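Reader: I am new to this structure and would like to go through its pockets and its ligand. Please show it before we start.

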Amino acid sequence: MRDVVIIGVGQTPVGEWWDKSLRQLGHDAVLAAMADAGIETADALYVGNMLSGQLVGQEHLGALIADFVGLRGIEAMKVEAACGSGAAALRVGVMAVASGMHDVVLACGVEKMTDTIGGVTTTALATAADQEYEVSQGISFVGLNALLMRRYMYEFGVQHEAFAGFTVNAHRNGAHNPSAMFQSPVSEAAYLKAGMIADPINLMDSSPVCDGAACVVLAPADRFRHRAKVRVLASAVATDSLAVHDRRDPVALDAVALSSQRAYGQARVTPADIHLFEVHDAFSIMSALSLEAAGFAPRGAGVRLAMDGEIAISGRIPISTMGGLKARGHPVGATGVYQVVELVQQLTGQAGANQVQGATIGMAQNIGGSGATVITHILSAI
Ligand code: COA
């Protein structure tokens with residue numbers, strides 16, 4: 001296997017882009033990454049996307065975007081793993097370069113969620129859950145996460161306000177990210193009085209519905225050492241049952257533990273070596289559960305990291321350093337690539353006011369469903 005490096009990154013701002021089509025968003029991110037890498041062509045393009053068929057009526061994104069960016073003829077295809085689709089595309093790209101199958105690979109994530117009315121997007125998002133056993137009972141995806149949050153609060157004696165720190169931290173960091181959907185800080189008081197979505201998840205516990213695209217350029221270290229921005233130390237995937245009730249323990253994300261352990265093994269690191277963690281904070285409960293299962297806090301103590309400020313830029317384990325899914329936004333199939341673009345910003349000292357000082361090793365974790373597909377990447381500075 002060859003060592004893999006990232007030689008270029010690109011992203012569009014996250015938002016409600018009614019004036020930009022899906023292919024235009026993908027195009028903008030891909031061309032920005034290619035310009036950053038200083039390349040004019042690539043061997044392959046893998047596109048992470050979850051909902052284009054349902055929300056835009058468009059599948060076949062590999063050929064669509066390859067053609068639109070002027071790369072007609074290259075290998076290209078869509079990769080889908082629900083909200084983990086972006087990191088899944090990256091994972092396929094890493095395997096293609098590591099194996100020697102390809103040299104220069106574009107891994108792009110793109111999603112357009114806001115051009116719908118009524119509950120169409122909510123219905124589409126629920127396809128990440130088990131249709132036969134969960135969704136057919138009438139529950140939404142937010143509702144499933146609300147059940148997890150309620151169970152966590154019951155098991156560990158945690159009050160709702162204990163989660164406020166995740167939201168305050170994400171919005172504080174999003175305020176300094178020009179690509180974030182929300183660039184205003186949120187106070188603890190605002191968190192506490194936000195409208196309820198699915199009790200106990202309120203508006204401030206939840207990531208938004210939005211549009212966006214991000215892209216990274218992967219290449220083999222031996223041939224592109226001079227252009228390398230960061231090294232890919234680990235790329236690992238683990239799975240669990242889609243249905244939460246089929247799990248060993250609903251408030252222990254076993255696939256997060258497995259995916260993280262596999263990544264730590266590949267990178268030869270422990271959680272103590274990770275300087276920042278781009279966590280899948282689609283809902284504040286997912287931050288707490290992920291921090292615990294990935295080894296940064298004991299069971300039931302993930303919320304303590306938020307309460308004690310350990311997740312801040314200057315804390316023990318900074319998370320959501322550019323706003324996370326909560327404030328940068330969560331264009332679902334693009335999110336895993338945004339996370340890695342942000343790790344590259346951090347590890348190359350380009351994170352501005354959000355810079356984690358001295359960061360040389362960072363981890364990004366992208367989750368499909370409520371913990372059924374978990375994809376972890378660990379990157380290091382050159
Ligand atoms: N956090 C903070 N503010 C938010 C927000 C969020 N998550 N979502 C929307 N807003 C704001 C909007 O900016 C808008 O503000 P404005 O009135 O000042 O312009 C206001 O709230 C209403 O926005 P709207 O788009 O009408 O929200 P909505 O009520 O239709 O949807 C949610 C809000 C939370 C229900 C929706 O974003 C949602 O379903 N999120 C979960 C998505 C999801 O499940 N993703 C997959 C997870 S893996």
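Reader: How many residues in the lining of the largest pocket are nonpolar, how many polar and how many charged?
Author: The model is a predicted one. In it, 26 residues line the largest pocket. By class, that lining divides into 15 nonpolar, 10 polar and one charged.

Reader: What is the volume of the largest pocket, and which residues are the closest to its centre?
Author: The volume of the largest pocket is about 530 Å³. Of its lining residues, the closest to the centre are Leu125, Ser206, Ser207, Pro208 and Val209.

Reader: Which helix gives the most to the lining of the largest pocket?
Author: Helix 5 (120-125) and helix 6 (141-156) each supply at least two residues of this lining. Domain 1 (4-117 + 210-230) and domain 2 (125-207 + 232-381) are each a source of at least three. The element that gives the most, with three residues, is helix 5.

Reader: Where does the second largest pocket lie?
Author: The second largest pocket holds about 310 Å³ of space. Among its 15 lining residues, Arg2, Val94, Ala98, Val232 and Gln266 are the closest to its centre. Because domain 1 (4-117 + 210-230) and domain 2 (125-207 + 232-381) both give residues to the lining, the pocket lies between them.

Reader: Which strand gives the most to the lining of the second largest pocket?
Author: This lining has eight nonpolar, three polar and four charged residues. Helix 4 (85-98) and strand 8 (230-239) each supply at least two of them. With five residues, the element that gives the most is strand 8.

Reader: Which residues are the closest to the ligand?
Author: The ligand is surrounded by 17 residues. The closest of them are Cys83, Phe141, Ser206, Ser207 and Lys326.

Reader: Which residue has a polar side-chain atom 2.7 Å from a nitrogen atom of the ligand?
Author: Two contacts of the ligand involve the protein backbone: a backbone N or O atom of Pro208 is 3.4 Å from a ligand nitrogen atom, and a polar backbone atom of Val209 is 3.4 Å from a ligand oxygen atom. The contact at 2.7 Å is made by a polar side-chain atom, and the residue is Lys326.

Reader: What share of the area that the ligand exposes when taken alone does the protein bury?
Author: Taken alone, the ligand exposes 930 Å². The part of that area buried by the protein is 59%.

Key. Residues are numbered from 1 along each chain as its sequence is written. This is a predicted model: local features need pLDDT of at least 70, side-chain atom pairs count only at pLDDT 80 or more; totals for chains, interfaces and linings use all residues. Side-chain values use heavy atoms; hydrogens and water are left out. On a 1 Å grid over the protein atoms alone, a cavity is a set of points where a 1.4 Å probe fits but cannot get out, and a pocket is an open set with protein on both sides within 12 Å along at least five of seven lines; lining residues have an atom within 4 Å of a point. Grid points are joined across faces, edges and corners, and a volume is the space filled by probe spheres set on the points. Helices (H or I, at least four residues) and strands (E, at least two) are DSSP runs, numbered from the N terminus. Ala, Val, Leu, Ile, Met, Phe, Trp, Tyr, Cys and Pro count as nonpolar, Asp, Glu, Lys and Arg as charged, and the others, Gly among them, as polar. Domain bounds come from an automatic or database domain assignment. A residue is near a molecule or strand if one of its heavy atoms lies within 4 Å of it. A polar contact is a pair of N or O atoms within 3.5 Å; within protein, one must be able to donate a hydrogen and the other to accept it, and residues adjacent in sequence count only if both atoms are side-chain atoms. Accessible areas come from the Shrake-Rupley method with a 1.4 Å probe; for residues, only the protein chains shown count as cover.
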